[in-house]
Amino acid sequence: IHATKDGDANVAKYDFAASPNAILIGDGDGFFLQNLTTDSDVVSHEYSHHVIYKNLTKISGESLVLHEGLADYFTFARTGDSCLGESVCPAGSSVQCAIDTKCLRSAENDFRFGSDELPDEVHLRSQFVSGMIWDLTAKDKIATVDVAKLTLSAVSYLKSNSGYKHLVLALLIADQNLYGGNNCKKIYARAVERGLGNLITE
């Protein structure tokens, strides 16, 4: 739905509470954000929430961070580009963009769970999740189409309130089922690199 909510032109969200569920996107006010309705990454990200919400329905805490990170990853996979929302951040905006005037968020990051450098804001925090999955292609050279299939399959194993540990386990199970476990060591190594090792030791 092309809309503004409560006069906020900067809204871009998947409305979980609407019946039926809806995507709300404003135009951007040109000061904080811009081009929301014309940047395909914005629409792709919000539509990805719809796909993820079939399984992951809690929208707070770790579940919300997963929602945002997975929605970003699916957009990165669709475009083959680690930069999300290239046209969204105007010069001088006070919105925290991953790369000023270039990327609203980016998969090219080294954020780690538990690190002091990990942002508190949920969209920015979620970059450690999308970055972990993106690295399977960018660093481990697994084909994008295979990582996307793996991730989509992993989403189907998530429960309504899944957290970080559950995502890693879902990725491992999905890899076992789709690719005979050929990528399990790489998935595990990426999870450890992103600070999730202590959550999956058992």
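**Entry 1: α4 and α7**

I began with the pair formed by helix α4 (residues 127–138) and helix α7 (residues 184–193), which pack at an angle of about 135° with their axes 10 Å apart. Angles of 65 to 115 degrees count as roughly perpendicular and those over 145 as roughly antiparallel, so α4 is oblique to α7. I recorded the crossing of α4 and α7 as right-handed. I note that the model is a predicted one.

**Entry 2: α5 and α6**

I noted both an angle and a distance again, because two packed helices are described by the angle between their axes and the distance between the axes. For helix α5 (residues 144–157) and helix α6 (residues 164–179), I found that the axes come within 8 Å and cross at roughly 120°. I therefore entered α5 and α6 as oblique to each other. The crossing in which α5 passes α6 is right-handed.

**Entry 3: β1, β2 and the loop between them**

I turned next to the strands. β1 (12–15) and strand β2 (residues 22–25) run antiparallel and are joined by four bridges. Which residue of β2 is the bridge partner of Asp15? I found Ala22 in that position. The connection from β1 to β2 is a hairpin of six residues.

I then examined Pro20, which is found in the loop between β1 and β2. The peptide bond leading from Ser19 to Pro20 is cis, and its omega is near 0°. I marked this bond because most peptide bonds are trans.

**Entry 4: Asn35**

I looked up the loop between β2 and α1, where Asn35 lies. Asn35 is not a glycine, yet it has a positive phi of about 60°. I marked this value also, because most residues other than glycine have a negative phi.

**Entry 5: the largest pocket**

I closed with the largest pocket, which holds about 550 Å³ of space. The pocket is lined by 26 residues, and those closest to its centre are Ala12, Glu46, Leu104, Arg105 and His123. Which elements give two or more residues to the lining? I listed β1 (12–15), α1 (40–52), α2 (61–79) and α3 (122–125). The largest share, five residues, comes from α1. Sorted by class, the lining has 13 nonpolar residues, eight charged residues and five polar residues.

I add one cross-reference: β1 is both a contributor to the lining of the largest pocket and the strand that a hairpin joins to β2.

How values were computed
Residues are numbered from 1 along each chain as its sequence is written. This is a predicted model: local features need pLDDT of at least 70, side-chain atom pairs count only at pLDDT 80 or more; totals for chains, interfaces and linings use all residues. Side-chain values use heavy atoms; hydrogens and water are left out. On a 1 Å grid over the protein atoms alone, a cavity is a set of points where a 1.4 Å probe fits but cannot get out, and a pocket is an open set with protein on both sides within 12 Å along at least five of seven lines; lining residues have an atom within 4 Å of a point. Grid points are joined across faces, edges and corners, and a volume is the space filled by probe spheres set on the points. Ala, Val, Leu, Ile, Met, Phe, Trp, Tyr, Cys and Pro count as nonpolar, Asp, Glu, Lys and Arg as charged, and the others, Gly among them, as polar. Two strands pair if DSSP finds at least two bridges between them. Axes are lines fitted to C-alpha atoms, for helices over the stretch in contact, and angles run from 0 to 180 degrees between N-to-C directions. Angles under 35 degrees count as roughly parallel, over 145 as roughly antiparallel, 65 to 115 as roughly perpendicular and the rest as oblique. A crossing is left-handed if the near helix is turned anticlockwise from the far one by less than a right angle, and right-handed if clockwise.
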